[in-house]
Amino acid sequence: MKKIIFKALEKKYETLDRMPIPASKKLPNWYKDVNIYGDKEKVDEIEVGTNLTNGTFKKCIPILDALTLGYIIETQYDIVIKHKDNNWDLSWKAQENILEPHAEHTSKIETPYGYYPRIAKYTYRRMPITPKGYSSLIISPIGYNKLPFKAVAGVVDTDKNISGFALPIWISKNHRGIVKHGTPIAQIIPFKRDNWEMVSDYFENDDYYIQEQNSFGRFAINHYANKIWQKKKFK
């Protein structure tokens, strides 16, 4: 199993800046709370029809894979959000420097709806270090669509010697008050670098229909999970 190291910048930050959490252990409540089969709780209450079942999105492995990829970085301290002069105003009780305005030019990045244009930098004092040939995709936590912060997506070659690790984030216009420590702020997904080239192709005659009926059509449930899916593990 490949290892990603989150190296604290100083000994004290091993305690102050906690380790990220595997995304599989930080699933959003809307996902955890839904039943697998509609309003049903038991597998023997499944209903099937042509090309469909009563299974909910909780049966969708691609959604599960996205939600559980990589690691979730959480806020380390409570942060108070206020609004002043059509901009965000942030404060906290800790003595550590947690957030600061990013360079003015970052406001020219297209802003998501409901967020302020001026970007802030969240300081996380653990450096992600990946094996040679591996980079890290850093994005807003997948499945958390109502957060007070939204990470600016980026790819970092974390197998190189990088100095400093700050997370650029947008601040919501719609949140006010205390954001509790432990709130997801970013998702970091290590991946192997490679070169790709796209090509066009097509299925001959009934090849696709035969493939579909021999796989998806033949099994009432769990074809993808049992026959295709390769589980991804992040510890």
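These exercises work through a predicted model, each with a solution in steps.

**Exercise 1. Overall frame**

Find how many helices and strands the protein has, and state its extent along the principal axes.

*Solution.*
Step 1. Take the secondary structure. The protein has 5 helices and 16 strands.
Step 2. Take the C-alpha trace. Its span along the principal axes is about 60 × 40 × 35 Å.
Step 3. Add the burial. The protein has 235 residues, and 34% of them count as buried.

**Exercise 2. Rings around Y31**

Classify the aromatic pair of W30 and Y31, and say which charged end sits over the ring of Y31.

*Solution.*
Step 1. Search the whole structure for aromatic pairs. There are 6.
Step 2. Pick out W30 and Y31. Their centres are 6.0 Å apart, and their planes make an angle of 85 degrees.
Step 3. Apply the cut-offs. Centres must lie within 6.5 Å, and planes over 60 degrees apart count as edge-to-face. The pair of W30 and Y31 is therefore edge-to-face.
Step 4. Check the burial of each partner. Y31 has a relative accessible area of 4%, so it is buried. W30 stands at 40%, so it is partly exposed.
Step 5. Look over the ring of Y31. The charged end of K58 sits there, 5.6 Å from the ring centre.

**Exercise 3. A ring cluster and a pocket**

Describe the second largest pocket: its volume, its lining, and the residues closest to its centre.

*Solution.*
Step 1. Start with the volume. The second largest pocket holds about 390 Å³ of space.
Step 2. Turn to the lining, which has 19 residues. Closest to the pocket centre are K2, I4, Y71, P190 and F234.
Step 3. Sort the lining by character. It has 12 nonpolar residues, 6 charged and 1 polar.
Step 4. Trace the lining to its elements. Strand β16 (residues 184-192) gives the largest share, with 3 residues.
Step 5. Connect the rings. Y71 and F234 also belong to a cluster with F6, linked by ring pairs.

**Exercise 4. Strand β6 and its partners**

Name the strands that pair with β6, and give the number of bridges for each.

*Solution.*
Step 1. Take β7. Strand β6 (residues 79-84) and strand β7 (residues 87-91) run antiparallel, joined by 5 bridges.
Step 2. Take β15. Strand β15 (residues 177-179) pairs with β6 over 3 bridges, again in the antiparallel sense.
Step 3. Read the register with β7. V80 faces S91, and I81 stands opposite L90.
Step 4. Read the register with β15. Here I81 stands opposite G177. I81 thus has a counterpart in β7 and another in β15.

**Exercise 5. Positive phi in loops**

Which phi values do D85, N86 and N205 take, and where do N86 and N205 lie?

*Solution.*
Step 1. Begin with the hairpin of β6 and β7. It has 2 residues between the strands. D85, in this hairpin, takes a positive phi near 55 degrees.
Step 2. Go on to N86. Its phi is positive too, about 60 degrees, although N86 is not a glycine. N86 lies in the loop between β6 and β7.
Step 3. Move to N205. Phi of N205 is near 45 degrees, also positive in a residue other than glycine. N205 lies in the loop between β16 and α4 (207-214).
Step 4. Test the exposure against the cut-off. Exposed means over 50% relative accessible area. N86 has 69%, so it is exposed. N205 has 75%, so it is exposed as well.

**Exercise 6. Sequence and space**

Set the sequence separation beside the C-alpha distance for I139 and P168, then for N214 and N97.

*Solution.*
Step 1. Place I139. It is in strand β11 (residues 134-139).
Step 2. Test the burial. A residue is buried under 20% relative accessible area. I139 has 17%, so it is buried.
Step 3. Read the separation. I139 and P168 are 29 residues apart in sequence and 10.0 Å apart in space.
Step 4. Place N214. It is in helix α4, and its relative accessible area of 41% makes it partly exposed.
Step 5. Read the second pair. N214 and N97 are 117 residues apart in sequence, with 58 Å from C-alpha to C-alpha.

How values were computed. Residues numbered from 1 in each chain as written. Predicted model: local features only at pLDDT ≥ 70, side-chain atom pairs only at ≥ 80, totals over all residues. Heavy atoms only, no water. Phe/Tyr/Trp six-rings, centres within 6.5 Å; stacked < 30°, edge-to-face > 60°. Buried < 20%, exposed > 50% of the residue type's maximum accessible area, 1.4 Å probe, protein only. Lys NZ or Arg CZ within 6 Å of the ring centre and 35° of its normal. 1 Å grid on protein atoms, 1.4 Å probe; cavity = no way out; pocket = protein on both sides within 12 Å on 5 of 7 lines; lining within 4 Å. Points joined across faces, edges and corners; volume = space filled by probe spheres on them. Helix = DSSP H or I, 4+ residues; strand = E, 2+ residues; numbered from the N terminus. Nonpolar A, V, L, I, M, F, W, Y, C, P; charged D, E, K, R; others polar. Pairing = 2+ DSSP bridges.
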